[in-house]
Amino acid sequence: MSAPSPVEKTIVVVGLGKIGSLYAACYGQAGHRIRTVDIGDGADWERVAQVPDPASVDTWVVATPTATHLAVVDEILRRQPDARVLLEKPACYPEDIAGLSRTVRRHPRARIIVNDVYWHSEAVRRFAASVRELGESDPIEKITIEFTKNRELDVANGRFVDTQYGEAGYEGFHMLSILRAILPAEQYRTYLGAVPSSVTAEMRVRTTLPGLPDVELYTSSTGAIAFPELAGFAFPDAVSREFIAPSAIPYGSEFRYRFADVELRSGNHVTLVFEPLFGADPDHKNIHAVHVRNPARHFLIAVNHFKEALLTQLDLLRHLDEGTTLVRPAEHRFLAALGSAMFTGTFPQTTENEKYARIGSEA
């Protein structure tokens, strides 16, 4: 599905770090009028309060550090109570979720969504459709999702390290988006409300529950690959020999081992592999693949899912009813609990009301 054709909008991007700059570039290339807020050089204004005529702003993008999100959203809504806001993930830190809820209640005309790239990815949609098609007669037995990259050079160069969500703050929201696309809604809610069977410091999270498939999520920022056998077949031989067979992505490498694999009761597999043409195509970051083992079907999806998601969500904000928010606090709480478990070894227990609290109306 291609992104909607743009109608020119005035978009104010708050925060011009790496992610904020990507937002500005994407929306500028799509023909929108971009204005920026940042305390650094090159922005149009230093503070939201300095933006003239806020009623003329079609959409606000908040891409500042996570700890400042709530304060920035508060300031935007004070100036434009019916604002449309696209908020970079995470929406906020766990202790600010209640504060964000209060902000939303005070501004019942606001529309706020949290950036959810993989939920809006055509590659994920094609993968989920293949799983549903086969799953009608062959139930899901296990789901494995791995997002591994060696980020040690990034950290050495000053990349932000999340001290609250921990390892889960890098890739956890993306992995949950894929899991949400696969599982029926009721099963997904049950998953978020459950205590995992095991959690390791490298963020290997296994959950086994009656009535649910086994689910294993894994991410490593040191390049340690956990499941080379599940997606290694999809990459060029040279990549498999250098990175996947040794199960170690070296320091400084740009290679990312990202996949989602569904094992069905029959033993059949459906596997979504991101960027399988690394080292073989200069545009490898925008080429993804879905593989069905039996009967053998393989197809490529050529799409920049970051740009696709940003344009799709911009259009979504334009059509949302006033007072609609898509923040997914249950996912934030789940990942915050994972972060705590990785730091302390104990997965926090929460009450039913806390687990299923919703901010506004969520899809």
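## A walk through the structure, starting at threonine 271

Let's begin inside strand β11, which covers residues 269-274 and includes threonine 271. The model you are looking at is a predicted one, so every value here is computed from its atoms.

Is threonine 271 buried or exposed? Its relative accessibility is 0%, and because buried means under 20% relative accessible area, threonine 271 counts as buried. Its side chain has polar partners there. One is aspartate 261, whose side chain makes a polar contact of 2.6 Å with that of threonine 271. Another is arginine 293, where the side-chain contact with threonine 271 is 3.3 Å. Leaving aside residues up to four places away in sequence, the neighbours that threonine 271 touches include Phe127, Leu230, Phe233, Phe259 and His291. Asp261 and Arg293 are also among them.

Now turn to valine 195, in the loop that connects α7 (185-193) with β7 (198-199). What is the relative accessible area of valine 195? The value is 37%; since partly exposed covers the range between under 20% and over 50%, valine 195 is partly exposed. To get a feeling for distance, look for tryptophan 45: it is 150 residues away from valine 195 along the chain, and the C-alpha atoms of the two are separated by 45 Å.

Next, find the open sheet. Its 6 strands follow the order β2-β1-β3-β4-β5-β14, with parallel pairing. At the edges are β2 (33-37) and β14 (325-326), each of which pairs on one side only. Within this sheet, β3 (residues 59-62) and β4 (residues 84-87) run parallel and are joined by 3 bridges. You can pick out one pairing by eye: tryptophan 60 has valine 85 in β4 as its bridge partner.

Finally, step back to see the whole protein chain. How many helices and strands does it have? There are 12 helices and 14 strands. The C-alpha trace spans about 60 × 50 × 40 Å along its principal axes. A compact globule of 363 residues would have a radius of gyration near 21 Å, and the protein chain has 20 Å, so the two agree.

Burial and contacts complete the picture. Of the 363 residues, 54% are buried, threonine 271 being one that counts as buried. Among contacts between residues at least 6 apart in sequence, 68% join residues at least 24 apart. As for the outside, the protein chain exposes about 15,600 Å², and 52% of that is supplied by carbon and sulfur atoms.

How values were computed: Residues numbered from 1 in each chain as written. Predicted model: local features only at pLDDT ≥ 70, side-chain atom pairs only at ≥ 80, totals over all residues. Heavy atoms only, no water. Helix = DSSP H or I, 4+ residues; strand = E, 2+ residues; numbered from the N terminus. Buried < 20%, exposed > 50% of the residue type's maximum accessible area, 1.4 Å probe, protein only. Polar contact = N/O pair within 3.5 Å; in protein donor to acceptor, adjacent residues only side chain to side chain. Contact = heavy atoms within 4.5 Å. Pairing = 2+ DSSP bridges. Rg over C-alpha atoms; globule rule 2.2 N^0.38 Å. Areas by Shrake-Rupley, 256 points an atom, 1.4 Å probe, with all protein chains shown as cover.
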